[in-house]
Amino acid sequence: MLDSSRPLVPPPDVSAELWRKYVDLRARLATLPRVVVAYSGGVDSAFVLAVAREACGERVRAFTARSPSLMTVELEEAAALARQLGVAHEIVDTAELSRPGYVANGLDRCYHCKSELFDATAVAAERFAGAAVVDGFNADDLHDHRPGHRAAAEHAVLHPLAECGFTKADVRAMSRHLGLPTWRKPQLACLASRVPYGTEVTRERLGRVEAVEVALRQLGFHDVRARLVRDNDDMVRIEVGDAELVRAVSPEVRRRLVEAARAAGFRFVTVDLEGFRSGRMNEGLVSIQRPTRDRP
């Protein structure tokens, strides 16, 4: 998968434009003396970590924040991939739930979450001889509500994917070429994104959401969300991909979903007929300040 001596010429299955972005990304990362990747194990951060390993060798570390908003299975998969890539991986418990702004779950919740993450990441970077911190923010994220970017800016976090013009589709395509198992991984977000704005984020609510989404995955669903409903902790609203909607309401699957939801403490289970759509909670919100392409 990883080869620091990989010829920098476009292979037949990669467009010249995408290959140029990949070459630029490697070159950008190679300029950094040492790198700490804020690594969740998702599509974007896994790709950044893999390319950083190619470009920087032993000068790269992975850092993952363990909290109630990260699914246990995601943490396990992230750790396994870091081992596969041969990258030193630090996992540190963070305390988002001790931050009133995070618990209150206003429109700036992600700012408080990312502040906790990058506070911890900065400590790890300082231990690694003052390494630069990079994340998986991509060019598509420029067009979404991303309060966490303010926290990244305050901590001087670099966004090499956005700098080099990588969209989510680009990341998936290049990840597939590199042989990364994350190339077709579902779109993920922290579990707090399932809690409606204005409803407090609690460990119990996050745990209930996780239980239902784990059940959905075990039933073979790919794109899933188990969203809470404002002012009704008894109800969960399930989203699955369009192609999976019919299966979700088939008798046996429906029975198992209801059982899983009841076991998680929900009395009512609904399936959203619009299906899964990433970023639904942010629709209609005004985009925040976009990152610049300035480099240190």
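This note goes through the sheet of this predicted model, the helices that lie on the sheet, and one pair of packed helices.

1. The sheet is open and is built from four strands, which follow one another in the order 3-2-1-4 with parallel pairing. Its edges are formed by strand 3 (88-93) and strand 4 (132-134), each of which pairs on one side only. On average, and with direction ignored, neighbouring strands of this sheet are turned by 30° against each other.

2. Within the sheet, strand 2 (residues 60-66) runs parallel to strand 3 and is joined to strand 3 by six bridges. For a reader who wishes to find this pairing in the structure, Ala65 has Val92 in strand 3 as its bridge partner.

3. Helix 3 (residues 72-85) lies across strand 2 and strand 3, and runs at about 155° to strand 3. Helix 5 (residues 109-127) also packs on the sheet, where it touches strand 1 (35-38), strand 2, strand 3 and strand 4, and its direction makes about 150° with that of strand 2.

4. How are helix 1 and helix 8 oriented to each other? Helix 1 (residues 16-30) packs with helix 8 (residues 168-178) at an angle of about 80°, the axes being 11 Å apart. Because angles of 65 to 115 degrees count as roughly perpendicular, the two helices are described as roughly perpendicular to each other.

5. In the contact between these two helices, helix 1 contributes Leu18, Trp19, Lys21 and Tyr22, which meet Asp170, Ala173, Met174, His177 and Leu178 of helix 8. By class, the residues of this contact divide into six nonpolar, one polar and two charged.

Terms used:
Residues are numbered from 1 along each chain as its sequence is written. This is a predicted model: local features need pLDDT of at least 70, side-chain atom pairs count only at pLDDT 80 or more; totals for chains, interfaces and linings use all residues. Side-chain values use heavy atoms; hydrogens and water are left out. Two strands pair if DSSP finds at least two bridges between them. Axes are lines fitted to C-alpha atoms, for helices over the stretch in contact, and angles run from 0 to 180 degrees between N-to-C directions. Contact means heavy atoms within 4.5 Å. Angles under 35 degrees count as roughly parallel, over 145 as roughly antiparallel, 65 to 115 as roughly perpendicular and the rest as oblique. Ala, Val, Leu, Ile, Met, Phe, Trp, Tyr, Cys and Pro count as nonpolar, Asp, Glu, Lys and Arg as charged, and the others, Gly among them, as polar.
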